[in-house]
Amino acid sequence: MYIHEYRGMAADRGQDIITLTTDKLSADSVSQSVTCPSCGAVSLFIGTTRDNFEGKKVIQLEYEAYGPMAESELRKICCKIRTKWPSVRHINIQHRLGVVPVTEASVIIGISSPHRSDSLEAVKYCINTLKATVPIWKKEIYESGEPCWKENKECLWADAGKDPKQS
């Protein structure tokens, strides 16, 4: 089991929680961690393993990360969110590593703010930026037993035909 968690206070404005873990993720836990009396909005994004990709049956995903660099990039995302949406109170980003079966969460992002527009926009920005900049690699395992490393199409280091872990 691998668990790495970062908890930081953002200049007395709120808490940033970043977790990379092999444990199952909990949407309830993320939601509770960002809920606070001054906020009327808690927005969540839950990315789950689906059972298909381009006509192939997917049986599970496997994620790998370079932990220190992934955490550093996630902290940068939190800072950018707080600059773009100063009303954001709490941010919780959890990403699962290792095997993630079909229907289980790979990533959960929770963000609270006084009003819904800021938390909704911040969650969208967070997942899109995470996929583009954070060194977390995904391998799809198909029913045939064949594995395939996948790049996020948003990934800044994406290069057709290149192993995404070799960038």
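**Exercise 1. Find which share of the chain's contacts between residues at least 6 apart in sequence joins residues at least 24 apart, and describe the order of the elements.**

Step 1. Among contacts (heavy atoms within 4.5 Å) between residues at least 6 apart in sequence, 66% join residues at least 24 apart. The model is a predicted one, in which local features need pLDDT of at least 70 and side-chain atom pairs count only at pLDDT 80 or more, while totals for chains, interfaces and linings use all residues. Residues are numbered from 1 along each chain as its sequence is written, and side-chain values use heavy atoms, with hydrogens and water left out.

Step 2. The chain contains 3 helices and 10 strands, where helices (H or I, at least four residues) and strands (E, at least two) are DSSP runs numbered from the N terminus. Read from the N terminus, their order is β-β-α-β-β-β-α-β-β-β-α-β-β.

Step 3. Of the 167 residues, 45% are buried, where buried means under 20% relative accessible area, exposed means over 50%, and partly exposed lies in between, with a 1.4 Å probe and protein chains only. The chain exposes about 8800 Å², of which carbon and sulfur atoms supply 50%; such areas come from the Shrake-Rupley method with a 1.4 Å probe, and for residues only the protein chains shown count as cover.

**Exercise 2. Work out which parts of the chain are tied together by the salt bridge of Asp16 and Arg82.**

Step 1. A salt bridge is a side-chain nitrogen of Lys or Arg within 4 Å of a carboxyl oxygen of Asp or Glu, and by this rule there are 7 salt bridges.

Step 2. In one of them, the side chains of Asp16 and Arg82 meet with an N to O distance of 2.7 Å. Asp16 belongs to strand S2 (residues 15–21) and Arg82 to helix H2 (residues 67–84), so this pair ties together parts that are 66 residues apart in sequence.

Step 3. Asp16 and Arg82 are both buried.

**Exercise 3. Examine the salt bridges of Glu71 with Arg75 and of Lys76 with Glu73, and decide whether each residue is buried or partly exposed.**

Step 1. Glu71 and Arg75 form a salt bridge at 3.4 Å, N to O, and they lie 4 residues apart in helix H2, about one turn of the helix. Glu71 is buried because its relative accessible area is 12%, whereas Arg75 counts as partly exposed at 35%.

Step 2. Lys76 and Glu73 form a salt bridge whose closest N and O atoms are 3.1 Å apart. Because they are 3 residues apart in helix H2, about one helical turn separates them. Lys76, at 42% relative accessible area, is partly exposed, while Glu73, at 16%, counts as buried.

**Exercise 4. Check the span of helix H3 and identify what covers its buried residues.**

Step 1. The expected span is 1.5 Å times one less than the number of residues. Helix H3 (residues 116–133) has 18 residues and should therefore span 26 Å, which agrees with its end C-alpha atoms being 26 Å apart.

Step 2. The buried residues of H3 include Ala122, Val123, Ile127 and Leu130. Their cover includes S3, H2, strand S6 (91–96) and strand S8 (105–113).
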